[in-house]
Structure formats: C-alpha cells, structure tokens
Amino acid sequence: MPELPEVEAARRAIEEHCTGKKIKKAIIAEDSKVIDGVSPSDFVAALVGKTIVSAHRKGKNLWLQLASPPFPSFQFGMAGAVYIKGVAVTKYKRSAVNDSDEWPSKYSKFFVQLDDGLELSFTDKRRFAKVRLLEDPASKPPISELGPDALLELMTVDELHGSLSKKKIAIKALLLDQSFVSGIGNWIADEVLYQARIHPLQIASSLSRESTATIHKCIKEVIQYAVEVDADCDRFPLEWLFHFRWGKKPGKVNGKEIDFIVAGGRTTAYVPGLQKLNGNQAGKAVGKPKARTSRKKRDGDDDDDDNDKNEDGGSEPASEEEKIARNAKSKRELRPKSPGKKPSAKRKPKASDTDSEDDNEEDEGAAADYDDQKKKPGRVTGRKQVMVGKAPKKLVNNQNTSKPRKKVK
C-alpha cells in the first residue's frame with residue numbers, strides 16, 4: 001500500500017501544479033464505501049468555484065486546503081493514488097491503473113478540472129481508501145489520532161528510546177503502529193530494520209540506546225532518500241532490501257539469504273545472518289508465514305504487501321470498515337459449518353466484470369461475511385417459522401401408508 005514517500009510525492013505534485021488554481025468542475029463517485037459521510041452532490045457543491053491554496057500531508061493521509069472550508073481529505077488505504085493529467089506522479093506499484101484509454105479512470109473517486117484545463121483525479125481500485133469532506137481535517141480522526149510524522153516530526157533519539165523502553169511488543173509491530181509514528185508501512189519497516197541489523201521480533205523495550213539510535217538514523221535516511229527521489233523505486237540504492245523482498249521468493253541481498261516470517265501481523269522480509277534476536281530472546285524460534293493458495297497466487301499476483309493485513313496501524317486495519325470485515329471473517333472461520341447447509345450457487349462471470357472485482361475479491365469477501373453474520377439471527381428465525389406446522393417427513397409417510405386394522409371376530 002502507499003506509504004509516506006508515495007503520499008508525499010502526490011502532495012508535492014499537487015502543490016507544484018494545482019495550487020492557486022480554481023476548481024471549475026468536479027465529479028465525485030457514487031461510492032459510499034470510499035466517499036465517506038457526504039453525498040456526491042454536496043461534495044461537488046463544496047468544491048466548485050474554490051481555489052486550491054495548498055496541499056498537506058501527515059503520515060499516509062493527504063488533504064487539500066481550499067480558499068474556504070470544508071476541505072477534501074484522502075486516506076489512501078491499500079491502493080489509493082493521485083493522477084494529474086499530463087504530469088508524472090509516482091504511485092505505489094499495486095495502486096497504478098491504466099488511464100491511457102480512459103480518463104478519468106473507471107476507478108476514479110474524486111475528479112476535478114481546474115480553470116486552466118488541468119485535471120486531477122484520485123483513484124482507488126481496491127475500495128479501501130476514504131475520501132472525506134471536513135472543516136478541519138487535522139483535528140478529526142484519523143489524522144488527529146496519528147503519531148508524529150516520520151519525516152517532519154520524528155522524535156529525538158532520547159525521546160524514541162524512552163518510548164521504546166515502555167513497549168513490550170515486537171519492534172516491527174510498533175513501527176507499523178500509526179499512533180506511535182505515522183507514515184511507516186511494511187516495506188519501510190523491513191528496510192529500516194534490515195539496515196539497522198535489528199530482528200523484526202525483538203521486543204522494543206529490550207533495545208539498547210545504541211540500537212535505538214541506529215533505528216532512528218535508518219528511519220531518517222530511508223524516508224528522506226525515498227522522498228528525495230519522489231518514491232521512484234527504480235532510483236533506490238541497489239543494496240536496499242526493497243529490491244528483493246517481494247513475493248516471498250528465495251533470494252539474497254548483498255550475498256546474504258533472505259527469509260520471511262510474520263511480524264506485526266504482516267509478512268516480513270529479513271536477513272537471519274544479520275538480524276538476530278538478542279538478550280532473553282536469543283535462540284528462540286520465529287514464526288513462518290502460513291502457506292496460502294489464493295486466487296491471486298494462482299494467477300501469479302505475488303504482492304504480499306497487498307495480501308496481508310493493512311499497514312495503516314500495522315496489524316490494525318486502516319479503517320473501521322476493515323476492522324469490522326476482518327473481525328467478521330475471523331469469527332466465520334472459527335464458527336463450525338452447518339452439516340446440512342447447501343453451498344450457495346456461484347454465478348457465471350459476466351463479460352462486464354472488471355479486474356477491480358478480482359482485486360477486491362479478498363477484501364469484499366470479508367465484508368460479505370460480516371453482512372452474513374449480521375443476518376444470521378434472521379435466518380435462524382426463518383427456519384423455525386418454516387418448521388412450525390410442518391410434520392416431519394417420516395411421520396407424514398407413516399400416516400399416509402398406515403392401513404386400518406381388521407376386526408377380530
């Protein structure tokens with residue numbers, strides 16, 4: 001999913017090309033899952049005629065300051081992306097959509113045309129982003145609940161060490177916690193810990209001040225470099241783990257074997273020869289990611305960062321909707337299957353079905369499970385109602401086939 005460098009690249013592109021220009025036209029998608037808390041018509045009315053004054057970012061969230069409130073804000077989720085027609089804007093590799101044949105894209109959720117003809121679009125083909133219209137985005141969740149920005153507000157070494165000393169959780173999970181520090185996602189956390197030579201499962205409170213200082217240095221260096229090259233991964237240093245961490249494929253970085261475990265609820269790449277558990281954790285076994293055979297894997301999509309739990313908050317989903325969906329999915333997996341229940345009929349795919357449905361399969365399925373769970377009491381009641389007044393089949397057969405007894409003379 002997009003992390004701080006990708007969102008910052010979008011912010012800088014908007015700041016450079018769109019500020020000082022008036023919104024002439026706006027199109028907001030009829031998608032209440034993404035367009036949160038406001039109708040498309042009200043959203044459009046709040047935009048048209050307003051001048052874009054500036055663009056702001058905190059963590060992985062972006063918002064536009066207009067000449068007067070309310071302001072549009074964007075929580076990028078798993079696949080949010082900003083497009084400016086005719087301008088190259090770096091996007092997270094799984095967020096990109098093909099806009100060459102269709103503009104705005106069919107995945108566009110927010111589209112504006114400016115008074116000089118320039119056009120801006122926010123797309124989301126996975127539909128876990130959130131686009132809101134707020135009076136003061138920085139004072140409202142989720143932005144108000146974020147920790148210090150990893151680029152602009154990073155704690156000092158002493159502050160960081162003091163915070164880590166109170167945390168009895170794995171360092172990878174803590175780095176992914178957006179309320180602790182905002183903007184770090186899965187690939188940045190892996191890169192920082194690799195360069196700092198810290199095991200992802202090392203308990204944060206066990207880290208020395210020296211190790212804390214190394215982590216602090218690596219956070220600054222990795223994020224600043226990625227931002228300086230506008231998040232263009234082709235320009236990342238060749239010795240970075242980034243180039244070798246995707247797809248859980250066996251490989252080496254700088255001659256050292258890469259392995260994969262689960263840390264912070266996420267598939268995690270690390271180098272066992274360099275990143276070792278220390279102190280009381282030395283020699284302890286680490287958890288491997290569970291084997292999975294999803295439709296994406298069968299079709300060759302091996303982007304584990306999209307298949308794992310969402311990065312906004314590490315093991316916590318990016319939005320309340322995702323939390324509900326995932327909790328429902330977990331409960332469904334634990335619930336025993338009804339022995340007599342028939343499997344639901346599968347519909348044949350229509351020619352109009354798009355690849356967005358393939359991308360949404362895993363996430364939308366979880367949401368559907370939640371809907372099913374909410375309806376469960378109704379279904380039980382319905383079955384009871386059907387049973388009332390209906391004699392058991394066996395009893396009906398006995399009644400129909402019984403013959404009158406002969407009288408004994």
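This briefing covers the nonpolar cores, one helix pair and one buried serine. The model is predicted. Its largest nonpolar core has 35 residues, and a separate core has 33. Helix α1, residues 4-17, gives the most to the largest core and also crosses helix α6.

**Nonpolar cores**

- Within the largest nonpolar core, the residues that touch the most other members are Ile-14, Phe-43, Leu-47, Val-82, Ile-84 and Phe-110.
- Four residues of this core come from helix α1, the element that gives the most to it.
- Apart from this core lies another one, of 33 residues, which includes Leu-175, Val-222, Ile-223 and Ala-226.
- In soluble globular proteins, nonpolar side chains tend to be buried together.

**Helices α1 and α6**

- Helix α6 spans residues 209-228, and its axis comes within 9 Å of the axis of α1.
- The two axes cross at roughly 35°, and the crossing is right-handed.
- On the α1 side, the contact is made by Leu-4, Pro-5, Glu-8 and Arg-12.
- On the α6 side, Ile-223, Ala-226 and Val-227 make the contact.
- Sorted by class, the contact has five nonpolar residues, two charged residues and no polar ones.

**Ser-54**

- Ser-54 lies in strand β2, which covers residues 52-58.
- Ser-54 counts as buried because its relative accessibility is 11%, and the cut-off for buried is under 20%.
- A polar contact of 2.9 Å joins the side chain of Ser-54 to the side chain of His-56.
- Beyond its neighbours within four places in sequence, Ser-54 is in contact with Glu-15, Thr-19, Trp-63, Leu-64 and Gln-65.

Key: Residues are numbered from 1 along each chain as its sequence is written. This is a predicted model: local features need pLDDT of at least 70, side-chain atom pairs count only at pLDDT 80 or more; totals for chains, interfaces and linings use all residues. Side-chain values use heavy atoms; hydrogens and water are left out. A nonpolar core is a set of buried Ala, Val, Leu, Ile, Met, Phe, Trp, Tyr and Cys residues joined through side-chain atoms within 4.5 Å. Buried means under 20% relative accessible area, exposed over 50%, partly exposed in between (1.4 Å probe, protein chains only). Helices (H or I, at least four residues) and strands (E, at least two) are DSSP runs, numbered from the N terminus. Axes are lines fitted to C-alpha atoms, for helices over the stretch in contact, and angles run from 0 to 180 degrees between N-to-C directions. A crossing is left-handed if the near helix is turned anticlockwise from the far one by less than a right angle, and right-handed if clockwise. Contact means heavy atoms within 4.5 Å. Ala, Val, Leu, Ile, Met, Phe, Trp, Tyr, Cys and Pro count as nonpolar, Asp, Glu, Lys and Arg as charged, and the others, Gly among them, as polar. A polar contact is a pair of N or O atoms within 3.5 Å; within protein, one must be able to donate a hydrogen and the other to accept it, and residues adjacent in sequence count only if both atoms are side-chain atoms.
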